Structures are given as structure tokens and as C-alpha cells.
Amino acid sequence: MQLIFLVSVSLLFLFFFSNTPFHPQHITAIFNHCDSSSPTNLAHILFNIGASTATWANRRRFVELWWQPNRTRGFVWLDKDLPPSPPDISTHHHHPPCRVSADASRFPYTNPYGSRDVVRIARIVSEAYRAGPEDVRWFVMGDDDTVFFPENLVSVLGRHDWEEMKYIGGISESVEQNVVTSYEMGFGGGGFAVSRPLAAELAGAMDGCLYRYAGMYCGDMRVQACVGEIGVTLSRELGFHQMDIRGDPYGLLAAHPVAPLVSLHHFDTMNLIDPRKPTQIDSLKTLISASRVDPGRTLQQSVCYETTKNWSVSVSWGYTVQLYPWIVHARDLFMPIQTFKTFGTHRNGPFTFNTRPPGKGPCERPLVYMFDEVGETGSGSVSTRYSRVQTGPECERGDSGFGEASMVEGVQVFSHKMAPDEWRKAQRRYCCEARMVEEDHHMRITIRKCRRGESASPPT
């Protein structure tokens, strides 16, 4: 009641004594600012991108892919001022404003590997807290080659109480990386989020931690060590992707876990996510074009069967469709095909998730279709199209079923937009129906919520 009274008095003061024109939306803005119980939205998040003058010129393209002017808020934290850019090529409005980190040279760095610049990176959390507006609920850290999916990040953070001390992120895909760092560390490349109360604690504790943990390799380790001293542990979310892999990321992206896609990282160490494109930036533009139409469904996997042909189908929405001209159990399809190796040693594992080996030959591998375009068909309905991609030699065995399946030139997938609050409910993989359309050599797939008693079981 006291809060309402104070707000009312403030409104009356503005109305009678302010020279600024008063509009009704001002009331909404004031009440939203005061109401700490309102749902978390994009305006409550402050993005903080760790960068340097040596990397920013090339990597800013990744940030510009996902940054939304006038909607997203944040800073790019640099080691020093950038040289001035000619006005005609300046794109500062397409990325966060740049700030120079405070001098961190007084803090020791005793690790024989890496760079002492990671000490500066570790202090971004506390610097962001001091620089950020008071209405920020979440301070999100990322690298200058991290691609965020902001709407999905809102969905994930909205499941957590920002008024509690929270440390949210994901671990590495490669076991060897977690052994070297920690299974309790949110990797900064994949991004991690710190709630406002925890950021306040870190702002007071971080400098002392930097002295105690001078021998650590990276800034993320120092943040995690300091968070641990405060008594907070990592809340793991499966949509943060460090992408600590080498080679082709296709298998991992084609079998995403049942979780909203929050981030992707390490594009300079991976093959193109779409082999048809000339650059990784072009590949990402294609994926992001789908995410802008239906962000919550991006990369979500559904499995179903074309029952008249006994074919198995796996859809990674907005990315790829796999067609197997035989029956494959859903459990196997949910496991990523291992098209990649570990990040550090370039080995076949271990990883922090199960994988299945790629087929030994073309007759043991699926036909692959890659995302082309997305369109809205009205009433919340969405259509995506996928075209066939040649990934290797064709299967020539006449009795394998590939002959008929290879006639499928493309796939069209129909779905409804995922509701903004869908990921705050109990999570379940969506079902789908697949039907071959003989006359136009296409397959049509419908993705929908599973009916009562329905599962992704193969036909009997």
C-alpha cells in the first residue's frame, strides 16, 4: 500500500509540476519498474561481451547477427579504445556500445599458458554491475564470437528467481575440457548469467578472488571459484552451447536436447554449419532467419515415421531433416551422430552426452535435407522448406530402399508457432506426422503437440 501511495504522489507531481508532456504510457513504465514480480523480459537483461581490440574487428560480425537495436541492452568490454572508424562504415548501432575495462594490471597472473587478459575478463561481472541500470535483473556474459538467441534466453531465465543468488550456464561438450576447468563452471563462450543479488556479491568479492586464484588459466574459472566461495553452485541449462568440438557440428545440431537454444560458440574452430554457404556468417544468417519467426522451436527435434514406406524421419526445425529408408528406433535418433571430435585432443570422445557412430558407408547413412526458407501461413502457422544435400557417395544397392527414397527432392514442414511461455511448462518433445507426396517428389511433415497416449514408437 505504501508503494502504491508513493507512486500515486509521484504521478500527481509529474502531472501538475513537470514541463515534460505527460502520456498514459508513463504510468505503465513506472508501475513495471516498481513491480519486481513482473515476468522477466528482454529489457531486464544486460549483455556483456568480452572482447579485445585484436579480435573485435573480425568477430563483431557474430554479435551483429543477434543484436537487436532498441531492444537489447549491453556493452562490449575492450582492453583499450578502438581507433576511430570512418563515419560511412560505422555500424555502432548494430552492436552494443563499447567500453574500456578498468586497469587490471595490479592483479597477479601466474599461469604459464594463456594470457593475463583473462583477469580483465573476469572483472567484467563486477564492472557491469556497477555500470548497469538499476532495473537489470540478469547480467549475461559472452564472448565476441558468441551468438545468442535472446528470446530463448528470456525463456530460460524466466524459469529462475532473479531475486535469489543464481549462476546459470552450461558446461563443455568435451569431457577433457571440464576436467581441466570444472564441471561446476559456466563456460563464458557459451555464455552464463548472474542474477542481480549474486552480481552485487561478486562486485565486492571479485578483487580478492583474483589474488587467491592467480594460477587459473581462464577468466571463467576465476568467476566460478569466486561464486563457489560465496556458496552458490551452477544451475545447468542445456541450451547454452560452448561448442567445444572440432570438425563438423552437424550431428550435434541435428539432435538438440529438449531445451530452448540459447547460444552457440567457437565458429572459427568448426566446419560450416551449412555446407552450402560460402562463410560461417552466411550459414548463421540462415539459421537466425528461422529463429526470428519461431525462436522457441529453433533446432527442436521431432521424430516420426512414414508408415506406408517404413521410413524413419528426424526433423531439427529450422536446420535439417534426416530421412532413413528403414526403421530406426527413436532412442537412437535422439542421440547425435558423431560427426565431430573433441576440442583439445581431436579424439572420438568422451563427450558429456551419448553419441552414435556415423554409418560405415552410404547405405548406412540418412539422406540429408537442409533448411532453405521459412514463411508464415496465417493464424500462427509456419511452413519451412528443406532441400536435398549431397553429403557423399550415393547408395547403389537396389534392395536397400534408397532408390525410392532418393527420389524425395525436398521436404516441407508445417507447425504452429510456439507460445512464448511454452518453455516455462513441463517439457516434452513434440510429435510429428510424415507423408510422402508422390506427384511432386516431396515429403510433407506436420509437427504438433503429442496426443494422449501417443509416442514416437515405430510402426509394428
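A disulfide is a pair of cysteine sulfur atoms within 2.5 Å. The exercises below apply this cut-off and a few others to a predicted model.

**Exercise 1. Decide whether C363 and C395 form a disulfide, and describe the bond and its surroundings.**

Solution.
- Step 1. The sulfur atoms of C363 and C395 are 1.9 Å apart, and a disulfide joins the two residues.
- Step 2. About the S-S bond of C363 and C395 the torsion is about 95°, so this disulfide is right-handed.
- Step 3. C363 sits in the loop between β14 (340-342) and β15 (367-378), while C395 sits in the loop between β16 (381-389) and α13 (402-405). The pair is 32 residues apart and links distant parts of the chain.
- Step 4. Buried means under 20% relative accessible area. C363 has 18% and is buried; C395, with 13%, is buried.

**Exercise 2. Find which handedness the disulfide of C304 and C432 has, and which elements it links.**

Solution.
- Step 1. C304 and C432 are joined by a disulfide with an S to S distance of 2.2 Å.
- Step 2. The torsion about their S-S bond is about -110°, so the disulfide is left-handed.
- Step 3. C304 belongs to strand β11 (residues 301-306) and C432 to strand β18 (residues 431-437). These distant parts of the chain are 128 residues apart.
- Step 4. Both C304 and C432 are buried.

**Exercise 3. Describe how helices α8 and α9 pack, and locate the disulfide of C209 and C226.**

Solution.
- Step 1. Helix α8 (residues 196-212) and helix α9 (residues 219-230) have axes that come within 9 Å and cross at roughly 115°.
- Step 2. Angles of 65 to 115 degrees count as roughly perpendicular. α8 and α9 are therefore roughly perpendicular to each other.
- Step 3. The crossing of α8 past α9 is right-handed.
- Step 4. On the α8 side the contact is made by L198, E201, L202, A205, M206, C209, L210 and R212. On the α9 side, R222, V223, C226, V227, E229 and I230 take part.
- Step 5. Sorted by class, this contact of α8 with α9 has 10 nonpolar, no polar and 4 charged residues.
- Step 6. Among the contact residues are C209 and C226. C209 and C226 form a disulfide, with sulfur atoms 2.2 Å apart. The torsion about their S-S bond is about 70°, so the disulfide is right-handed.
- Step 7. C209 lies in α8 and C226 in α9, so the bond ties together parts 17 residues apart in sequence.
- Step 8. C209 is buried at a relative accessible area of 1%, and C226 is buried at 1% relative accessibility.

**Exercise 4. Describe the packing of helices α3 and α11.**

Solution.
- Step 1. Helix α3 (residues 53-66) and helix α11 (residues 280-293) pack at an angle of about 15°, with axes 10 Å apart.
- Step 2. Angles under 35 degrees count as roughly parallel. α3 and α11 are therefore roughly parallel to each other.
- Step 3. α3 and α11 make a right-handed crossing.
- Step 4. From α3, R61, F62 and L65 meet I281, L284, K285, I288 and R292 of α11.
- Step 5. By class, the contact of α3 with α11 has 5 nonpolar, no polar and 3 charged residues.

**Exercise 5. State how many disulfides the whole structure has and what pattern they follow.**

Solution.
- Step 1. A search of the whole structure finds 4 disulfides.
- Step 2. With bonded cysteines counted along the chain, the disulfides follow the pattern 1-2, 3-7, 4-5, 6-8.

Note on methods
Residues are numbered from 1 along each chain as its sequence is written. This is a predicted model: local features need pLDDT of at least 70, side-chain atom pairs count only at pLDDT 80 or more; totals for chains, interfaces and linings use all residues. Side-chain values use heavy atoms; hydrogens and water are left out. Axes are lines fitted to C-alpha atoms, for helices over the stretch in contact, and angles run from 0 to 180 degrees between N-to-C directions. Helices (H or I, at least four residues) and strands (E, at least two) are DSSP runs, numbered from the N terminus. Angles under 35 degrees count as roughly parallel, over 145 as roughly antiparallel, 65 to 115 as roughly perpendicular and the rest as oblique. A crossing is left-handed if the near helix is turned anticlockwise from the far one by less than a right angle, and right-handed if clockwise. Contact means heavy atoms within 4.5 Å. Ala, Val, Leu, Ile, Met, Phe, Trp, Tyr, Cys and Pro count as nonpolar, Asp, Glu, Lys and Arg as charged, and the others, Gly among them, as polar. Buried means under 20% relative accessible area, exposed over 50%, partly exposed in between (1.4 Å probe, protein chains only).
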